[in-house]
Amino acid sequence: MPIVKSLGLDTKGIRGEFFAASEAPSLLWPRVTFKMKSNANKETLKWLGSAPMPKLKDDTTESGGLVSYSFDITNKTYAGELIIDREELEDEQVDQIKAKVGEFGVSWGVFKDSLLKDMFKDGATTGNNAYDALTYFNDAHLMKDSEGVTADTIDNNFTSAAATGTDPTKAEFEAAFADGIEKMRAYLDERGVPKNLPGTGKWMVLVPPQMELVARQTLQATLTGGGDTNVLAAYAELVVWDWLEASADTFYIMNVGSRGRQPFIYQERTAAEFEALDSDEYIMEHDYAKYIVRQRFVLAYGEYAKCARHVFT
């Protein structure tokens with residue numbers, strides 16, 4: 001019997017262990033992305049402008065189509081591999097092999113969150129652009145009407161001073177959050193329609209571990225320090241995201257859950273493919289078994305009006 005199968009570790013079982021582990025972590029990326037299938041190496045998105053409002057059927061004025069933007073998103077290929085030494089197989093280290101496969105699955109599962117972390121971190125850096133060709137976090141996104149005339153600007157790149165370095169007090173965090181929500185609710189699309197109307201999504205606040213206490217005091221405490229009702233309690237879902245640990249001075253406000261608009265885009269060309277190189281012939285030649293996972297996809301910046309960052313200075 002082949003060495004791998006003799007341990008009860010056939011390819012189907014190992015594949016199952018891998019995918020079960022990859023789906024176990026609590027991940028952020030599925031909650032903040034608009035998911036779309038891709039049929040080519042590159043997709044050109046032309047649906048990112050605002051749609052025309054309905055009008056009376058007998059109204060002969062031109063309603064126009066989508067306000068035109070063109071945004072190219074090119075898929076990328078990612079791969080990972082796990083090697084299990086022949087000695088582990090010969091010594092029947094079944095539990096250790098399963099543990100390795102499980103860790104490999106977890107690593108694959110959190111990988112997309114690690115990519116998303118970099119997008120948050122680099123969103124105000126040149127070259128990390130939204131569909132309007134400006135950096136994703138920007139002081140002046142230009143909202144143009146169907147004739148190309150600037151209708152409004154959107155600032156989703158906020159700052160404020162903290163009394164102690166870049167470490168905000170509860171009052172400073174509360175003020176920053178309230179100001180951010182006020183500004184985001186005032187965002188208008190190219191046709192003058194509010195972009196974050198109630199019912200178009202739910203508010204989410206993403207903070208680094210260093211801001212957890214002041215964020216919980218602001219968004220989860222039922223009473224204020226003075227004993228009054230906390231009107232901001234449960235206003236937004238609070239997510240303390242360990243990936244932000246290196247950006248202790250920054251938090252993010254998002255409006256998520258919309259069917260058509262999300263802060264980010266997940267474009268998938270192929271599903272994850274699992275390949276097992278574990279035949280006796282392969283193990284004899286290489287002295288190990290190898291398991292490879294490959295997928296083509298890309299994470300891209302989506303609707304900037306659905307996401308704002310706040311940096312304490």
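Which element of the chain has the lowest mean pLDDT, and which the highest?

**Figure 1. Overview of the predicted model and its confidence****.** Helix 1 (residues 3-6) has the lowest mean pLDDT among the elements of the chain, at 54, and strand 14 (residues 307-312) has the highest, at 98. Over the chain, pLDDT averages 87, and 86% of the residues score at least 70. The chain contains eight helices and 14 strands. It has 313 residues, of which 44% count as buried. Of the contacts between residues at least 6 apart in sequence, 75% join residues at least 24 apart.

**Figure 2. The largest nonpolar core, seen around F120****.** This core has 74 residues, and F120 and F173 are those with the most contacts inside it. When residues up to four places away in sequence are not counted, F120 touches L28, F137, L206, W241, Y252, M254, F264 and C307.

**Figure 3. The salt bridge between E81 and K290****.** The closest N and O atoms of this pair are 3.8 Å apart. E81 belongs to strand 4 (residues 76-85) and K290 to strand 13 (residues 288-301), so the salt bridge ties together parts that are 209 residues apart in sequence. The two partners may be compared by accessibility. E81 counts as partly exposed, at 47% relative accessibility, whereas K290 is buried, with a relative accessible area of 14%. A search of the whole structure finds 14 salt bridges.

**Figure 4. A salt bridge within helix 7, formed by E212 and R216****.** The side chains of E212 and R216 meet at an N to O distance of 2.8 Å. Both residues lie in helix 7 (residues 212-219); because they are four residues apart there, about one helical turn separates them. E212 counts as partly exposed at 28% relative accessibility, and R216 counts as partly exposed at 33%.

**Figure 5. Further salt bridges: the pair D118 and K117, and a network of K195, R261 and E303****.** The side chains of D118 and K117 meet in a salt bridge with an N to O distance of 3.0 Å. D118 has a relative accessibility of 29% and counts as partly exposed. K117, at 21%, also counts as partly exposed. Elsewhere in this figure, salt bridges link K195, R261 and E303 in a network.

**Figure 6. R296, a buried residue without a salt bridge****.** R296 is placed in strand 13. Side chains of opposite charge can pair when their charged atoms come close. For R296, the nearest side chain of opposite charge is that of E273, 8.2 Å away. The cut-off for a salt bridge is 4 Å between a side-chain nitrogen of Lys or Arg and a carboxyl oxygen of Asp or Glu. The side chain of R296 does make a polar contact of 3.2 Å with the side chain of N41. Apart from neighbours within four places in sequence, the residues in contact with R296 are N41, K76, T77, E268, R269 and T270.

**Figure 7. The surroundings of N196, a buried loop residue****.** N196 lies in the loop that runs between helix 6 (170-185) and strand 8 (202-207). Its relative accessibility is 3%, so N196 counts as buried. Two polar partners of the N196 side chain are shown. One is the backbone oxygen of M184, which the side chain reaches at 3.0 Å. The other is the side chain of K306, with which N196 makes a polar contact of 3.3 Å. Residues up to four places away in sequence being left out, N196 touches M184, Y187, W203, N255, A305 and K306.

**Figure 8. I73 in strand 3 and its approach to E43****.** Strand 3 comprises residues 71-74 and includes I73. With a relative accessibility of 3%, I73 counts as buried. I73 and E43 are 30 residues apart along the chain, and their C-alpha atoms are separated by 5.3 Å. E43 is one of the residues that I73 touches when those up to four places away in sequence are not counted; the others are N41, K42, L45, I265, Q267, V298 and A300.

Methods:
Residues are numbered from 1 along each chain as its sequence is written. This is a predicted model: local features need pLDDT of at least 70, side-chain atom pairs count only at pLDDT 80 or more; totals for chains, interfaces and linings use all residues. Side-chain values use heavy atoms; hydrogens and water are left out. Helices (H or I, at least four residues) and strands (E, at least two) are DSSP runs, numbered from the N terminus. Buried means under 20% relative accessible area, exposed over 50%, partly exposed in between (1.4 Å probe, protein chains only). pLDDT is the predictor's confidence in each residue, from 0 to 100. A polar contact is a pair of N or O atoms within 3.5 Å; within protein, one must be able to donate a hydrogen and the other to accept it, and residues adjacent in sequence count only if both atoms are side-chain atoms. Contact means heavy atoms within 4.5 Å. A nonpolar core is a set of buried Ala, Val, Leu, Ile, Met, Phe, Trp, Tyr and Cys residues joined through side-chain atoms within 4.5 Å. Lys and Arg count as positive and Asp and Glu as negative; His and the chain ends are not counted.
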